[in-house]
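Student: I want to learn how to read salt bridges in a model. Please take me through some cases.

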Amino acid sequence: MGHMPFFCIKMNKDEFKNIIEPVVNRNNCILWGIEILRGKKRNTLRVFIDSNKVVDINDCENISKDLSYEPMLDVSLGDDYILEVSSPGVDRKFFNIEQLSDYVGQELEFKTKELINGKRKFNGVLSECDENYFHIKLNNNDKKTTKFKFNDLDLCKLKPNYNKLIKEYSNAK
C-alpha cells in the first residue's frame, strides 16, 4: 500500500492544469476542469475532458494512461492516489465563466458562497454572460434578469431537461 512521500510538494490547480492540459490536448480533447479531493487515506484527482466530437471511453482510458506517466502528479498527490478521467456529462459542472457562453438559453443550477436574500441555491435560464458576471432569468414568467458574479459561486451546473433529451434520443433512432 502506498503512502505520502515525505517530499510531497503542494501544487495549486494552475500547476496541475499545466501538467494535465498538454496530455489532454495531445489526445485531441479539451480540458474541461479539474477537481482535487484530499482524502484521509487517498487523494483523488478528477479530470473532466470534452471534445468537438463525442468523448468516449477510449479517450478517457488513453488520457488516464498518459497521465499515469506524469511524475509530478505522484510527487504532489502521493503514489497511491485515485485518478478519474471522464466527460463532464449532460449535467456538467462549470469551472470558469468562459464555459457558460455556449449555454445561453439553457437552465443552470448554482450555489453561492454567501446568502443572497436568505438563499444560497438558485436555478434559472442563462440569458447572457461576460468576463465576470452572468445573468439569469430566475422565473420563466419574469422578463427581469438577476446578475451574479461567477467568482461568488461554490458550484454551477447545467440543469438538463431530461424529458427533452429522451425525446431527442428517441427521435434520433
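Student: With which residue does E35 form a salt bridge?

Tutor: A salt bridge is a side-chain nitrogen of Lys or Arg within 4 Å of a carboxyl oxygen of Asp or Glu. Here E35 pairs with R46, and their closest N and O atoms are 3.2 Å apart. E35 lies in strand 1 (residues 30-37) and R46 in strand 2 (residues 44-50), so the pair ties together parts eleven residues apart in sequence. Helices (H or I, at least four residues) and strands (E, at least two) are DSSP runs, numbered from the N terminus.

Student: Is E35 buried or exposed?

Tutor: Buried means under 20% relative accessible area, exposed over 50%, partly exposed in between (1.4 Å probe, protein chains only). E35 is buried at 13%. R46 is partly exposed at 28%.

Student: What can I trust here?

Tutor: This is a predicted model: local features need pLDDT of at least 70, side-chain atom pairs count only at pLDDT 80 or more, and totals for chains, interfaces and linings use all residues. Residues are numbered from 1 along each chain as its sequence is written, and side-chain values use heavy atoms, leaving out hydrogens and water. pLDDT is the predictor's confidence in each residue, from 0 to 100. The chain's mean is 88, and 93% of its residues reach 70 or more.

Student: How many salt bridges does the structure hold?

Tutor: Ten. One of them joins K157 and D91 (3.7 Å, N to O). K157 lies in strand 8 (residues 153-158) and D91 in the loop between strand 3 and strand 4 (107-116), so this pair ties together parts 66 residues apart in sequence.
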